[in-house]
Amino acid sequence: MQAQATAKFVRVSTRKTRLVAKNIVGLPVEDAVNILKFTPNKGAAVIFKVLHSAIANAEQVPGSDVDALVVKQVIVNEGPTWKRFMPRAQGRATRILKRTSHITVILEES
């Protein structure tokens, strides 16, 4: 049995979020929740919310054991980038790229 949840267009960098996602792949859900709860990154907070959503989706399936769930995969893909400009010295402007992510958490019973 698999359960998944997705968060799209999240305003967090893909590279920074992947570093957090690598820490929880293959762990039981309880351990993954504890790691994410005490990781001081914005990406950790977002993955924490998506993980809770995936757990809630797994609870809706009849006959599923939520305590036996394991994080099978965390996919962090790049979303659209917001392009902004910042004024600089001597009338110039610099491009600022505000990156977004699409985050998917897949859970599986062990």
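A residue counts as buried when its relative accessible area is under 20%. This report applies that cut-off to a predicted model.

**T100 and its surroundings**

With a relative accessible area of 1%, T100 falls under the cut-off and is therefore buried. T100 belongs to the loop that joins β4 (93-98) to β5 (101-109). A polar atom of the T100 side chain lies 2.3 Å from the backbone oxygen of P80. Leaving aside residues up to four places away in sequence, T100 touches F9, V10, R11, V12, T14, N77, E78, G79, P80 and W82.

One of these partners, T14, is found in helix α1. T14 has a relative accessibility of 6%, so T14 also counts as buried. Apart from residues up to four places away in sequence, T14 touches V76, N77, E78, T100 and S101. N77 and E78 thus appear among the contacts of T100 and among those of T14.

| Residue | Location | Relative accessibility |
|---|---|---|
| T100 | loop between β4 and β5 | 1% |
| T14 | helix α1 | 6% |

**The β3–β4 hairpin**

W82, another contact of T100, stands opposite K98 in β4. Strand β3 (residues 82-87) pairs with β4 in the antiparallel sense, over 6 bridges. The two strands form a hairpin in which 5 residues lie between them. In the turn, Q90 has a positive phi of about 60°.

**Helices α2 and α3**

Helix α2 covers residues 29-37, and V29, A32, V33 and L36 are buried in it. Viewed down the axis of α2, the buried residues fall within an arc of 100°, so they line one face of the helix. They pack against α1 (14-24), α3 (42-59), β2 (69-78) and β5.

How far does α3 reach from its first C-alpha to its last? The distance is 26 Å for its 18 residues, close to the 26 Å expected at 1.5 Å a residue. Which residues of α3 are buried? They are G43, A44, V46, I47, V50, L51, A54, I55 and A58. The elements that cover them include β1 (2-10), α1, α2, β2 and β5.

The packing between the two helices is thus recorded from both sides: α3 is among the elements against which the buried residues of α2 pack, and α2 is among those that cover the buried residues of α3. Elements α1, β2 and β5 likewise pack against the buried residues of α2, and α1, β2 and β5 are also included in the cover of α3.

How values were computed: Residues are numbered from 1 along each chain as its sequence is written. This is a predicted model: local features need pLDDT of at least 70, side-chain atom pairs count only at pLDDT 80 or more; totals for chains, interfaces and linings use all residues. Side-chain values use heavy atoms; hydrogens and water are left out. Helices (H or I, at least four residues) and strands (E, at least two) are DSSP runs, numbered from the N terminus. Buried means under 20% relative accessible area, exposed over 50%, partly exposed in between (1.4 Å probe, protein chains only). A polar contact is a pair of N or O atoms within 3.5 Å; within protein, one must be able to donate a hydrogen and the other to accept it, and residues adjacent in sequence count only if both atoms are side-chain atoms. Contact means heavy atoms within 4.5 Å. The arc is that of the directions from the helix axis to the C-beta atoms. Two strands pair if DSSP finds at least two bridges between them. The expected span of a helix is 1.5 Å times one less than its number of residues.
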